[in-house]
Amino acid sequence: MASVEIRGVEKAFGVAKVLHSVSIDIKDQEFVVLVGPSGCGKSTLLRMIAGLETISRGEIAIGSKVINDVPPKDRDIAMVFQNYALYPHMSVFDNISFSLKLRRKSKDEIKSRVREAAEILNLQNYLQRSPRQLSGGQRQRVAMGRALVRDAQVFLYDEPLSNLDAKLRVSMRTEIKALHQRLKTTSVYVTHDQIEALTMADRIVVMNAGRVEQVGTPLELYDTPANLFVADFIGSPSMNFIKGTLTRTDAGVVVEAEDGTRLAAPQQFADREGQKVVYGVRPEHFGLATAGAGSEAIVEVIEPTGANIEVFAKLAGERICAIFSQRHPFKPGDRIRLTTDLDKVHLFDAETGRRL
């Protein structure tokens with residue numbers, strides 16, 4: 001196994017620059033997820049690690065070896081693609097063993113490695129089937145098995161679950177995480193689904209417009225987002241934002257919204273009176289206030305999700321989402337009063353978007 005070091009990497013297609021001085025250190029045996037919206041450069045970066053795209057500037061090293069000019073076949077990486085890329089005329093056994101045959105491994109070694117991979121991925125009973133006889137999840141496991149038998153230093157995953165239905169995605173991400181915990185292979189995983197990132201990663205790299213916005217563990221990104229982009233992107237439903245001005249009152253520090261609504265803010269920001277900010281609070285950090293306390297909101301839509309109910313309401317001129325575990329009998333048009341957990345409130349500089 002090996003670490004992966006990305007040092008000041010840039011990528012341009014003609015005059016269009018798609019990666020801007022990206023630097024990431026991926027530790028040996030770490031599972032790192034690159035996440036961001038479409039077009040942010042995450043798949044391009046993965047393809048550069050694999051050698052499928054050239055590097056315009058900077059260096060990528062696997063272990064201590066710089067691989068900028070090393071052909072893909074010599075990089076000791078294994079890649080799992082979004083579209084499975086299986087040979088339809090070959091059996092599962094032949095698909096998994098194809099790279100071993102190209103390397104002229106012995107028949108006994110090929111059989112041993114394929115059997116071992118099939119056992120890990122629960123494919124023992126499907127080795128003689130063709131890909132068209134398999135479900136989507138089984139095909140993805142075959143693609144993983146083909147990578148697994150290579151015994152590579154680094155595994156690369158390019159949105160491998162995006163073609164699966166919602167229930168199967170949940171099952172497969174659990175399988176991939178369990179596989180990593182068993183094999184301890186350095187892995188780089190690309191997805192646009194932040195739930196996948198939160199549930200699977202040791203660390204997450206949030207990308208936007210070719211730049212790294214923040215790197216951290218899933219809980220670090222969720223609890224202490226560096227800026228408005230990360231706060232909005234990480235979490236489902238996403239964080240609520242209300243623009244306002246920090247103000248001190250007899251009752252304490254508040255953020256006064258543009259419509260005059262006052263929202264309680266942490267006392268630590270008392271010395272920033274007059275600063276324009278964005279008040280951020282996650283849906284689960286709202287609570288119901290007693291009469292006269294909190295801030296008034298008008299209920300618009302109620303969405304039961306089973307364990308919780310999601311309440312969409314108008315607060316301080318903005319549409320917000322609040323999540324409650326209790327089954328309150330709200331109706332559209334109801335006026336409710338909301339409080340916030342001050343220990344979980346985030347304030348962002350309105351001009352720069354950085355978290356205060």
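1. The residue to begin with in this predicted model is Y87, which at 33% relative accessibility counts as partly exposed. Its aromatic partner F98 also falls into the partly exposed class, with a relative accessibility of 26%, and both values can be placed there because the class runs between the cut-offs of 20% for buried and 50% for exposed.

2. The structure holds 8 aromatic pairs in total. In the pair formed by Y87 and F98 the ring centres are 4.9 Å apart and the planes stand at 55 degrees, so the arrangement is classed as tilted. Y87 belongs to the loop between β6 (77-80) and α2 (92-102), whereas F98 is part of helix α2 itself, so the pair ties together parts that lie 11 residues apart in sequence.

3. Beyond that pair, a single aromatic cluster is formed by F31, F155, Y157 and Y189. One of its members, F31, also has a place in the description of strand β3, where F31, V33 and V35 point one way.

4. Strand β3, which covers residues 31-35, deserves a closer reading, since 5 of its 5 residues are buried and the strand is described as mostly covered. While F31, V33 and V35 point one way from the strand, V32 and L34 point the other way, and all of these residues are buried.

5. As to its strand neighbours, β3 is joined by 5 bridges to strand β8 (residues 186-191), and the two run parallel; within this pairing, the bridge partner of F31 is S187 in β8. A further 4 bridges join β3 to strand β9 (residues 203-208), again with a parallel course, and here V33 stands opposite I204 of β9. Strand β3 is thus bridged both to β8 and to β9.

6. Two contacts between a charge and a ring should also be noted. The charged end of K11 is placed over the ring of F13, at 4.8 Å from the ring centre, and R282 lies over the face of Y222, with a distance of 3.9 Å from the centre of that ring.

7. Finally, which class of accessibility do the cysteines C40 and C321 fall into? C40 counts as buried because its relative accessibility is 0%, and C321, with a relative accessibility of 4%, counts as buried as well. A disulfide is a covalent bond between the sulfur atoms of two cysteines, and a search of the whole structure finds 0 disulfides.

Note on methods
Residues are numbered from 1 along each chain as its sequence is written. This is a predicted model: local features need pLDDT of at least 70, side-chain atom pairs count only at pLDDT 80 or more; totals for chains, interfaces and linings use all residues. Side-chain values use heavy atoms; hydrogens and water are left out. A disulfide is a pair of cysteine sulfur atoms within 2.5 Å. Buried means under 20% relative accessible area, exposed over 50%, partly exposed in between (1.4 Å probe, protein chains only). Rings of Phe, Tyr and Trp (its six-membered ring) pair if their centres lie within 6.5 Å; planes under 30 degrees apart count as stacked, over 60 as edge-to-face and the rest as tilted. A charge sits over a ring if NZ of Lys or CZ of Arg is within 6 Å of the ring centre and within 35 degrees of the ring normal. Two strands pair if DSSP finds at least two bridges between them.
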